[in-house]
Amino acid sequence: MAEVNGAGRRKDRKGRKAGQAASRRDLISRSVLSAEQCLRDQDYGTAYAHYLLVLSLAAELKKDFKETFQYSLFKWAEELYALNRSQDLFNCYEQALELFPNDDIICNSMGEQLFRLGFRDEAAGYFYKAVKLNPNSADAKENFYRVANWLVERWHFVMLNDVKRNRMYQKAIENAVHAGCKTVLDIGTGTGILSMFAKCAGAAHVYACELSKTMFDLACEVVAANHMEDQIKLLHMKSHDVRVPEHIPEKVSLVVTETVDAGLFGEGIVETLIHAWKYLLLEPKPKDGNCDVYGQVIPAGAGVYGMIVDCPEIRRHHRVFVNEVAGVNLEEAMQFSSPVRCSHKTNDMNEPYATEKMSRVPGGYKALSQPFLALTVDFNSLQDLESIASGKSYRISVQVQEQGQLDCFITWFVLHLDNEHNLSTGPSEETCWEQAVFPIQNLPADGYIVNCGDTVVLDVYCPDCYLRLDLVTVIRAGEVDSGMSSDDMSLENEVDLCDALASLHTTHQKGAGREMCILEPSEIALLNNVIYHESFKNAFSKVLSSLAPRENGTFRHENDAAAPEERSSDPLYILDVSEGFSILPLIAAQLGKVKSYSSVEEEQHCAALQRLSERNGVSKPSLEFWLNQLEANDDVLQRPKSDKLWSIIVLDVIEPCGLIRQEVMEKCAIARCLLQSGGKIFPQCVVIYGMLVESHTLMQESAVQGTEPTLGFNIAPCINQFKVPVHVFLNISTLPCVHLSDPTELLRLDLMNPYTNHFSFATEVKVRICKSGQVTAIPFWYHLHLDEDIHLDTSSDMSHWKQAAFVLEEPFRVDEGEELLLGVHFQNSNVSMTLKRPS
Ligand code: 44T
C-alpha cells in the first residue's frame, strides 16, 4: 500500500509538474504577445513589466529578448524621467540589472540616468563598471572619462609622482616609528601609500580609513599588490565614525594624514584631528616629556602664508570690469559677482576660494606685498585645533610694496611634518600644489588701485572648516585709519564683525542697491570679452541686413517663398541656445526689427537680462525667454510661431573646459531644419587645431610613472586604471612643454552643411615635425567661424574657454623635418588621436 501510495504521489507530483510547466509556458507566451502588443501601442511601461515577468520566469529567453527588453526599459525610463518619477526609474534599472548583472549597456544607461539627476559619484561607478564589462564600448568610455575625475581626482597622480613629497613623508614616518610609535592610523589613506611607509618602517599595527568607496577599493588593491593585505587593516569609513575597540582594538600612538587641500583646512583636517585627539589617539606628550608612549600627528603643524596679488587673469574671471559690451551698458543695471566669496555676504552659491597654480596663470601675476604669515596651527594641540574651529578671527595689516590692482589674496602653506621635514605649497616652489585664491570684489572701480605705502587690513579665520580672508579696509598712505576704532579691533564675535564690515562696505560701495547676479568665473570672463560680443554683433548685422525687407517690400533673399506683404512687418527671429548667462539676445535685440529669444534658465539670469534690457532701452517684446514659452515636454529648438522660422540660431559648441559639447551635431541637425531660407547657424563652421608637444607635466598629471616615484611601491598599475587620455581646463600658453610641430588644422565641422549629419568623424592629417623630441601630448583648440570673415579663437588671451589635450599612451620619438600622420577620431564629442609614420 505504502508503495502504491508512494508511486501515486510521485505520479501525481509529476503530473502536477507537467501541468505547471505547461501553464508556465502558456503564461510566458501570452506575456510575450502582450509585451509585443504594448510596444506597438507605445505603452512602454506595460511592455517593460511583461518582459520583466517573461525573463524572470524563463531565464533561457534572456538571450533572445535582451535587446527588446532594453528598448522597452529605456523608453519607459524616458517617460518616468519626464514624469519626475526618479525612484520608479531607478527601481526599474535595479530590476533590469538583477536580470542582466553583467550588461554594459544597462550599466552605462543607469549611469547616464544617475548623472542627469545629479548623482555623479554613483554615475561614475556605473560607467566604470560598464567599461570593465566591455572595454570596447565607446559610449561607456566617453561617459567614464567625463566623470573619472570625480572618482579619482587628478591630483592623486601628481602627488604620487612627487618624489620629494613621498620621501619627506616616508622619512618623517620612519623617524616617528623608530622613536617608538608602534601603532599607526592613516586617515584618508587614498592609495594606502602612507600606511605602507609605516608598515615598512616597522610599525606593529597599521590601520587606515578612507571614506570614498572607490578610493577604499583602490587602496585594498594597492595593498594587496604589495603583499601587505595581512599587515594593514583598511576601513571603509570616515575617521569620525571609527571607534575603539569596535573598529580598531586600541588607541594609536601616531596619526598620519594628508587630508589637506589648497586652502589647508578644506578637507576638514581640523575637525578630523579634534575627533582623533578625543577618541583615537593616546594622550599627547606631556610637557616634561617624561613618557614613553604618547600620541602624535604627522603633520605636526602648519603655517599659512598670504600675499596681495595683482593678476589680470584672475581679475577677468571674478570681476566684470567692462562698462559697455557691444552697445549694451552693463554698469548701471547690475552688480555681477563671482561665486567665490571674499566679502561678508553669505550666500549658498558661494565657494570659499578658487584654486590656481599661480606659476601657470596666463599673463602671470605681480606680488603687491611680501608674503605674510596669516595663521599657524599646531596639529598636536587639541586646544589650538579647537580655537581655530571656534571661528576666531585674526586681524592683519599688510604693507603694500608695489603699485597695482588689488585683485586677490592668495594663500599657501608650509606643512611641518615633524621638526625636520617641511613641505611648502608656495607659488614659486617646485611643487604640484595649487594655491588658494580669494578674489576681491565689489569695491568701487577706483578702489582697486593700491600704492606703495598703503596698508591693507584683512581678517583671517576659519568659520566652517574653510579658510577665509576678508578685506576689511585699505588705509591709503598718509591717511589715518578712519574706518576702524580700536574697539573694532577686539571684535571677536562673527556677527558683530559682519555688521561692522557691512556698514563699512556700504559706505564705499558704489551703486549699492544694484541688483546682484552671481555668475560663474567663465561667464564673467565671457562678459569681459568685448571682441567676442562685437564679433557676434557684426555677424548678426550682416545676416539681418541680408534678410531685411527692401524698401519696395520684397525680400532680398530669392529663395524666400512667402508672400512679401505678409512678412514685411514681421520681425526677424533670433534664438540663442548658449549654456549659462549670455547677453547675445540683448545685442541682437538692439539691431532693429528683431525678436530675440534667450534660453537662460536660472531665475537670477532672467532677471539680470530683463533689467539690462530695460536699462538699455530695449522694448519689452523684443526679448523673450524661450523656456517661458515651452510646455513641459517641448523641445528647446522648436520654432517660435507656427509659420515663422528662425533667422539666426546661436549654438554653444564648445564647453569652457575645451571640449566639444555633447550632442552638438544632433542639435545642429535640428537647428538647420528650423532656419528660414538664408538663415544662419552661429558658428557656421568649427575648425579644430592641434599641435604635437613634449610635456613632462601632462604625463605626470595623467598617470603614475612606474614604481620609482612611489619609492618602489607598486601603485601605478592600480591607479592608472583611472587614467583619462583627454585633459581639460588647460592653459596652453603656460603649459610647460616643448612644441614639436606648428599648430595644424585637424578637422573642419561645417555646421551649415546638411551632409554633416553623422556624428562621428575620422581623419588623418600630415604633421611636419619642427623639432626633435618625444611627442607625449596633442593640445587642441578651435576657431569658431561666425561667417567668412569673422572668427573667434578659443585659445586667445581673452577667451573664456580653456584648452584640452590628448595624452598619448606612450611617448613617440620624432625627428626634425619628418612628416607624421596624425589620426583624429571624434565620436559624439569624445576625441582620440593616434600618431604614426607614413608607410
Ligand atoms: N591634497 C591636495 C590632497 N578623507 C587632498 O576621501 C591638490 C596634494 C593636493 N577619509 C598635490 C596637489 C593637491 N576620514 O581620498 C581622500 C578623502 C579622504 C577622509 C576618512 C576622513 N575624515 C577623511 C577626510 C578626507 O582622504 C583622502 C585625501 S583628502 C584630500 C587630500 C591641491 N598634492
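Let me start with Cys200, which in this predicted model is exposed, with a relative accessible area of 53%. Cys38, by contrast, counts as buried, since its relative accessibility is 10% and the cut-off for buried is under 20%. On the question of disulfides, the bond meant is a covalent one between the sulfur atoms of two cysteines. With a pair of cysteine sulfur atoms required to lie within 2.5 Å, the count for this model comes to zero disulfides.

Before going further into local detail, I should say something about confidence. The mean pLDDT of the protein is 88, and 88% of its residues reach 70 or more. Two stretches need to be treated separately, and the one I take up now is residues 502-512, where the pLDDT is below 50, although the model does give this stretch 14 contacts beyond near neighbours in sequence. The other is residues 551-567, where pLDDT likewise stays under 50 and where the model has 23 contacts beyond four places in sequence. Where pLDDT is low, the predicted coordinates should not be read in detail, and I would ask you to keep that in mind when looking at the contacts in residues 502-512 and in residues 551-567.

Now to the backbone, beginning with the cis peptide bonds. One of these joins Ile298 and Pro299, with omega at about 5°, and Pro299 itself sits in the loop that runs between β5, residues 296-298, and β6, residues 301-310. Another cis peptide bond joins Phe682 and Pro683, where omega is about -5°, and here Pro683 belongs to the loop between β26, residues 675-682, and β27, residues 685-690.

That leaves the positive phi values, and two residues that are not glycine. Leu264 has a positive phi of about 70°, and you will find Leu264 in the loop between β4, residues 254-257, and α12, residues 269-279. Is Leu264 buried or exposed? With a relative accessible area of 0%, Leu264 is buried, because the limit for that class is under 20%.

Glu663 also has a positive phi, near 65°, in a residue other than glycine, and its place is the loop between β25, residues 646-651, and α23, residues 664-673. Glu663 counts as exposed, because its relative accessibility is 53% and the class begins over 50%. So, to put the pair side by side, Leu264 is a buried loop residue, whereas Glu663 is an exposed one.

Terms used. Residues numbered from 1 in each chain as written. Predicted model: local features only at pLDDT ≥ 70, side-chain atom pairs only at ≥ 80, totals over all residues. Heavy atoms only, no water. Buried < 20%, exposed > 50% of the residue type's maximum accessible area, 1.4 Å probe, protein only. pLDDT = per-residue confidence, 0-100. Contact = heavy atoms within 4.5 Å. Helix = DSSP H or I, 4+ residues; strand = E, 2+ residues; numbered from the N terminus.
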